[in-house]
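Let's take a walk through this structure together. Have the sequence and the coordinates open, and follow along at your own pace.

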Amino acid sequence: MQIRISPTDGIPIYRQIVNQVKYLVASGRLVAEEQLPPVRKLAEQLLVNPNTVARAYRELETAGVLSTRRGSGVFVSDNGSPLARGEQRKILNDRIDALLTDAQQMNVDTDEVIEHVRRRSRHLKRSE
Amino acid sequence: MCENVIEIRNLSRRFRQTLALDNVDLEVPKGVVLGLVGENGAGKTTLIRHVLGLLKAKTGGVLVFGRNPVTDPVGVLGRIGHLSEDRDLPGWMRVAELMRYMQAFYPNWDEAFAEELRQRFELYAYAKVKTLSRGRRALCGLLIALAHRPELLVLDEPSSGLDPVVRRDILGAIIRTTSEEGRTVLFSSHLIDEVERVAERVAMIHNGRLVLSDNVETVLQAHRTLTLRFPGPLMEPPQLEGALSCNGAGREWTCLTNGEIESFRQAALAQGAEIIEEEAASLEEIFVSRVHGGKQKV
């Protein structure tokens, strides 16, 4: 499981873990029933406080992404797909918000942005 | 549950003209990793030396495990693992000799664990301490600090001047220590990203005074950076209520606020400024602002 912690960007570390695990699940790199490393192990691997990892796992459990099985560890929940779709939308929303903010600062209106998006999409398809 | 391993009350310390510690109050609860940050000469080492009983509190008091480290060194030091800044190990000893020698001081010395650490840190048993590289010497000091499985681990600038590999070993040791139940860690550092990763609580010390002491999470939540755009260029940093520091030039200024974001917003609006960006602040930015205030300009 590839998680990168960047302490300089102002996002709390537990949130970085939560976001990246959600991202891994949404992108299919973590699949249902897959086991996650135990708290201590992940803490040592990422070099962060174990409580931070525990907190991230708790939050992911509340969100339904992970489930804890007593004595055997933490697993990706199997009701993954609807949630993954919600997560996918959330990831895209964040990107779109950033794009719209930039566009607004450059005085480009939304229709023009959409036209741009279409053009880029055609461009990408052509170069594939 | 909420038993404090270290309790410091109104501690002041003066070295001739210099006030090294100014009325410091600090508690470290059991099981917590506390990161002590401050500039060089801020008083971090002086504080740590009081915890170890190497300095006697003249005003105020220091209790470690509920005991006074100066009058009861046996009851305190035997339960502390300590790595000092200058890693004052006897250079003429060989690693294995040093291990045997230190074993005599600590009734709880775990020989098997010490050997495991020696191998993990790749310390050659017959090497003389003085021939070790700086990194290996730090790991040798760490071995001695850990091998008696102390209840409290005290590290003074553990990673200063070390390469990233050794630094990882040291941070890993801190994390392993804390994940073993009930162990407490106090470490000082000026590498703030390290503190942000590993510590649960942070204490910032500046000119002998404790300027901030709280959960890392709480500190990060309370501070935000806001970028303001003023109607006209300003020659001087704006004076705004609730701002710890303001950096910038011309019409755009970035300010760090603490807690009272609403009153800051009001103050900014009253000066005709527009808030164009709001972001979370990193511990490093908070530290620099706390220590330097609005002095420095970018």
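What follows goes from chain A to its contact with chain B, and then on to chain B itself.

A word on confidence comes before the tour, since this is a predicted model. Chain A has a mean pLDDT of 84, with 91% of its residues at 70 or more. Within chain A, confidence is highest in helix 3 (residues 50–62), where the mean is 92, and lowest in helix 4 (residues 80–105), where the mean is 78. As a general caution, predicted coordinates should not be read in detail where pLDDT is low.

Now to the architecture of chain A. You will find five helices and three strands there, and their order along the sequence is α-β-α-α-β-β-α-α. The radius of gyration of chain A is 18 Å, well over the 14 Å that the globule rule gives for 128 residues, so chain A is more spread out than a compact globule. Turn the C-alpha trace of chain A onto its principal axes, and the spans come to about 55 × 30 × 25 Å. Of the 128 residues in chain A, 21% are buried. Among contacts in chain A with a separation of 6 or more, 55% join residues 24 or more positions apart.

The domain assignment divides chain A into domain 1, residues 13–78, and domain 2, residues 81–127. Taken over C-alpha atoms, the centres of these two domains of chain A are separated by 29 Å. Where they meet, domain 1 of chain A contributes six residues and domain 2 of chain A contributes five. The domain 1 side of that contact in chain A consists of four nonpolar residues, one polar and one charged.

Two backbone details in chain A are worth a stop. A:Glu33 is not a glycine, yet its phi is positive, at about 75 degrees. You can locate A:Glu33 in the loop between helix 1 (13–26) and strand 1 (35–36) of chain A. Is A:Glu33 buried or exposed? With 11 other C-beta atoms within 10 Å, A:Glu33 is exposed, because the limit for that class is 12 or fewer. A second positive phi, of about 55 degrees, occurs at A:Leu47, just after helix 2 of chain A.

That brings us to helix 2 of chain A and the partner chain. In this helix, A:Leu42, A:Ala43 and A:Glu44 are buried. What do the buried residues of helix 2 of chain A pack against? They pack against helix 3 of chain A together with helix 6 (164–179) of chain B. Step back to the whole contact between the chains, and you can see 15 residues from chain A and 21 residues from chain B taking part. On the chain A side, helix 2 (39–46) and helix 3 each supply at least two residues. Helix 2 of chain A provides the largest share of that side, with three residues. By class, the side of chain A that touches chain B has nine nonpolar residues, four polar and two charged.

Next, look at the interior. The largest nonpolar core has 99 residues, and those with the most contacts inside it include B:Leu34, B:Leu142, B:Ile174 and B:Leu283. Helix 5 (residues 134–146) of chain B gives this core its largest share, eight residues. B:Ile174 is a good one to centre on: leaving out residues up to four places away in sequence, B:Ile174 touches B:Val33, B:Val185, B:Phe187 and B:Val198.

Chain B is also assigned two domains, domain 1 at 4–207 and domain 2 at 221–292. Their C-alpha centres lie 37 Å apart. Nine residues from domain 1 of chain B and five residues from domain 2 of chain B form the contact. On the domain 1 side in chain B, helix 7 (192–198) and strand 8 each give two or more residues, and helix 7 of chain B gives the most, with four. That side of domain 1 of chain B has five nonpolar, one polar and three charged residues.

Our last stop is B:Asn207, in the loop between strand 8 (201–206) and strand 9 (209–215) of chain B. B:Asn207 has a positive phi near 45 degrees and is a residue other than glycine. B:Asn207 counts as partly exposed, because 16 C-beta neighbours lie inside 10 Å.

Conventions: Residues are numbered from 1 along each chain as its sequence is written. Chains are lettered from A and ligands numbered from 1 in the order in which they are written. This is a predicted model: local features need pLDDT of at least 70, side-chain atom pairs count only at pLDDT 80 or more; totals for chains, interfaces and linings use all residues. pLDDT is the predictor's confidence in each residue, from 0 to 100. Two residues are in contact if their C-beta atoms, placed from the backbone, lie within 7 Å. Ala, Val, Leu, Ile, Met, Phe, Trp, Tyr, Cys and Pro count as nonpolar, Asp, Glu, Lys and Arg as charged, and the others, Gly among them, as polar. Domain bounds come from an automatic or database domain assignment. A nonpolar core is a set of buried Ala, Val, Leu, Ile, Met, Phe, Trp, Tyr and Cys residues joined through C-beta atoms within 7 Å. A residue is buried if 20 or more other C-beta atoms lie within 10 Å of its own, exposed if 12 or fewer, and partly exposed in between; C-beta atoms are placed from the backbone. The radius of gyration is taken over C-alpha atoms; the globule rule is 2.2 Å times the number of residues to the power 0.38.
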